[in-house]
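Here are my notes on the model you sent over. Have it open while you read, and we can go through the points one by one.

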Amino acid sequence: MECEFCYLVTNLPSQRYHLDMICRAYKWRWQVELLFKEWKSYANLHAFDTANPALVAGLIWAAIAAAALKRFLAI
């Protein structure tokens with residue numbers, strides 16, 4: 001039987017956040033990082049050429065929805 005140690009550094013209070021919850025958060029952290037990278041790389045957000053804040057917000061939400069749908073369909 002192999003024993004593996006993992007050190008997690010956090011400033012969260014241990015009375016409120018149990019170890020299993022922190023481990024799950026760290027496990028999902030990488031998926032969130034990949035999602036943000038995908039949005040940044042493939043959503044082409046820098047190409048929006050408008051001064052209308054409502055239009056920019058709509059385009060960003062559309063790009064996020066398209067990336068999420070692409071990720072969901074790829075699984």
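The points below run from the overall picture down to single residues.

1. First, the caveat: this is a predicted model. Every value below is computed from it, so please read the numbers in that light.

2. The fold is quick to list: the protein has 2 helices and 0 strands. Helix 1 covers residues 19-42, and helix 2 takes in residues 53-74. Both Pro-13 and Gln-15 sit in the segment before helix 1.

3. How does the radius of gyration sit against that of a compact globule of 75 residues? The globule would come out near 11 Å, whereas the protein has 18 Å. Along the principal axes, the C-alpha atoms take up a box of roughly 55 × 30 × 15 Å.

4. Burial is worth a look next. Just 9% of the 75 residues count as buried, and the cut-off for that label is under 20% relative accessible area. In total the protein exposes about 7,100 Å². Carbon and sulfur atoms supply 64% of that exposed area.

5. On charge, I find 8 positive and 6 negative side chains in the protein. The centres of the two sets lie 4 Å apart.

6. How many salt bridges does a search of the whole structure find? The count is 2. In one of them, the side chain of Arg-24 meets that of Asp-20, with 3.8 Å from N to O. Both residues belong to helix 1 and are 4 residues apart, about one turn of the helix. Arg-24 counts as partly exposed because its relative accessibility is 47%, and Asp-20 is partly exposed too, at 49%.

7. Arg-29 forms a salt bridge with Glu-33, and here the closest N and O atoms are 3.8 Å apart. This pair also lies in helix 1, again with a spacing of 4 residues, about one turn of the helix. Is each partner buried or partly exposed? Arg-29 has a relative accessible area of 49%, so it is partly exposed. Glu-33, at 37% relative accessibility, is likewise partly exposed.

8. Now for the nonpolar surface. Which residues make the patch of about 370 Å²? Leu-69, Phe-72 and Leu-73 do. Of these, Leu-69 is found in helix 2. Its relative accessibility is 48%, which means that Leu-69 counts as partly exposed, given that the partly exposed class runs between 20% and 50%.

9. Back to the segment before helix 1, where Gln-15 has its place. Is Gln-15 buried or exposed? With a relative accessible area of 67%, Gln-15 is exposed, because that label needs over 50%. From Gln-15 to Trp-28 there are 13 residues in sequence, and their C-alpha atoms are 22 Å apart in space.

10. Pro-13 is in that segment before helix 1 as well. At 38% relative accessible area, Pro-13 is partly exposed. How far is the C-alpha atom of Pro-13 from that of Arg-71? The separation is 34 Å, for two residues that are 58 apart along the chain.

Technical notes. Residues are numbered from 1 along each chain as its sequence is written. This is a predicted model: local features need pLDDT of at least 70, side-chain atom pairs count only at pLDDT 80 or more; totals for chains, interfaces and linings use all residues. Side-chain values use heavy atoms; hydrogens and water are left out. Patches are made of residues with over 30% relative accessible area and no salt bridge: like charges are joined within 9 Å, nonpolar side chains (Val, Leu, Ile, Met, Phe, Trp, Tyr) within 5 Å. Accessible areas come from the Shrake-Rupley method with a 1.4 Å probe; for residues, only the protein chains shown count as cover. A salt bridge is a side-chain nitrogen of Lys or Arg within 4 Å of a carboxyl oxygen of Asp or Glu. Buried means under 20% relative accessible area, exposed over 50%, partly exposed in between (1.4 Å probe, protein chains only). The radius of gyration is taken over C-alpha atoms; the globule rule is 2.2 Å times the number of residues to the power 0.38. Lys and Arg count as positive and Asp and Glu as negative; His and the chain ends are not counted. The place of a charge is taken as NZ of Lys, CZ of Arg, CG of Asp or CD of Glu.
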